[in-house]
Amino acid sequence: MTGRRCRPAGPAAGTIRRVRIAGVALPTGRARATGEEIAAGVRAWVDSPPLRTLVDRFGGDRPAGDLPAVLAALDDFSARHWDFRGGRERPEAREPALDPTTTALVLAAADALGLVRPAPPTEPRYAHLVVLGGLAHACLRRVRYAAHLLRHGRTVTGEVAVLGSFRPVSEVERGVLATAGLAGDTEVDVLDAAVRQAFGVAAPVEEDGHDGGHPYHWWSSRTYRPPGLPPVRVLAAPSSEPALRRAHTADTQRFWAGHVLLRPGDPVLMVTAPIYVPFQHCDALRTLAVPYGCGIDTVGVDPALPDLAALPEPTLTPGRYLQEIRSAIRSMRALHAVLG
């Protein structure tokens, strides 16, 4: 894949036109799906017209070769054109200057690739419901959405797992929490406070953990039992590379799967934000579905629900969407690497 031209330019006058592109399915999350079936879904997503059109708009050629070669080329291309974080946290990413036509194309492609519109869970019953952590506003919204699903028809026969980390919260996040009447020093503290508020529980019935002398080694588990609902476990895992970084989502998913004794065929519902659905769905396939044979249904919070109306929601920009399309590409590359 070459960088033969670069069409996006600085802001230009004019109205952003609407662009419509047909939607693309994510790799299957069906329980016991074969590696060939998952790989076919990865191939369909990376070969899809929305992604090809987006690559072309930013000056790239359609990648050729087998699937590993295509994924490697897209990873390299997206690193040069769509990585606005440069190793920083997501809120610190810069926003690129794009002309109106490119902006419209990015938004249409993001929609078609599954990063914009929330979709409801596909099944009425799941073995487990997993809530993925994030920044403070995301923690509050996702936990409350999980509580909404359980109170409006979704059945969970196992547990609700709320997965976070010991990442310190920022001053901006503290302001978000104060507005919601909550407080917390780390992401997992925020999730714990959100669970108490959304599920109406005061104290855990079970508590466990380990202080390894450094946050990268710590883990903690708190289990609540809200009346009439499945148990809710708030979990933070140790890092699998404590010399390099804090625990990430995959670390916590693996840690939880070991604790809950995840079984082949178990349908698992994952709750995140729509913009993160493609990459976190593929992460869950890699860390849970492939090794355990479980099913994965990944959904984004529906911002239109009255339960969420009072909670803050960040403005999503073209740069944010491009960054998370890159995240999806990288996640699919990592997923495909474990299929063979």
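A polar contact is a pair of N or O atoms within 3.5 Å; within protein, one of the two must be able to donate a hydrogen and the other to accept it. The tour below applies that criterion to a predicted model.

**Stop 1: helix 4**

Select residues 100–112, which form helix 4. The helix has 13 residues and spans 18 Å from its first C-alpha to its last, close to the 18 Å expected at 1.5 Å a residue. Extend the selection to Asp99 and display side chains: at the start of helix 4, a side-chain oxygen of Asp99 comes to within 3.0 Å of the backbone nitrogen of Thr101. Then move to the other end, where Gly114, just after helix 4, adopts a positive phi of about 95 degrees.

Is helix 4 mostly covered or mostly open? It is mostly covered, with ten of its 13 residues buried. Colour Pro100, Thr102, Thr103, Ala104, Leu105, Val106, Ala108, Ala109, Ala110 and Ala112 to see the buried positions of helix 4. Next, show helix 2 (49–57) and helix 10 (318–339), which are among what covers these buried residues.

**Stop 2: the two domains**

Colour the protein chain by its domain assignment: domain 1 comprises 25–116 + 316–339, and domain 2 comprises 125–313. The centres of the two domains, taken over C-alpha atoms, are 25 Å apart. To select the contact, take 28 residues from domain 1 and 20 residues from domain 2.

The size of an interface is often given as the accessible area lost when the parts come together. Here, domain 1 and domain 2 bury about 1800 Å² between them, and 69% of that area is on carbon and sulfur atoms. How many salt bridges are counted between domain 1 and domain 2? The count is zero. Polar contact, by comparison, is counted for eight residue pairs between domain 1 and domain 2, with both residues at pLDDT 80 or more.

On the side of domain 1 that touches domain 2, select helix 1 (35–46) and helix 10, the elements that give two or more residues to it. Helix 10 supplies the largest share of that side, eleven residues.

**Stop 3: Ser331 in helix 10**

Remain on helix 10 and centre the view on Ser331. Ser331 has 4% relative accessibility and therefore counts as buried. Show Phe279, Cys282 and Asp283, which Ser331 touches when residues up to four places away in sequence are not counted. A distance label between the C-alpha atoms of Ser331 and Pro278 should read 8.5 Å, although these residues are 53 residues apart along the chain.

**Stop 4: Glu187 in helix 7**

Select residues 187–199, helix 7, and focus on Glu187. Glu187 counts as buried because its relative accessibility is 7%, under the 20% limit. Which backbone atom lies 3.3 Å from a polar atom of the Glu187 side chain? The backbone nitrogen of Ser165 does. Not counting residues up to four places away in sequence, Glu187 touches Gly133, Gly134, Cys139, Leu163, Gly164, Ser165, Arg167 and Val169.

**Stop 5: His214 in a loop**

Finally, select the loop between strand 5 (206–210) and strand 6 (219–224), and within it His214. With a relative accessibility of 36%, His214 counts as partly exposed. Label the C-alpha atoms of His214 and Arg246: the two residues are 32 residues apart along the chain, and the atoms are separated by 9.8 Å.

Methods:
Residues numbered from 1 in each chain as written. Predicted model: local features only at pLDDT ≥ 70, side-chain atom pairs only at ≥ 80, totals over all residues. Heavy atoms only, no water. Helix = DSSP H or I, 4+ residues; strand = E, 2+ residues; numbered from the N terminus. Expected span 1.5 Å × (residues − 1). Buried < 20%, exposed > 50% of the residue type's maximum accessible area, 1.4 Å probe, protein only. Contact = heavy atoms within 4.5 Å. Domains from an automatic or database assignment. Buried area = accessible area lost by both parts, 1.4 Å probe. Salt bridge = Lys/Arg side-chain N within 4 Å of Asp/Glu carboxyl O.
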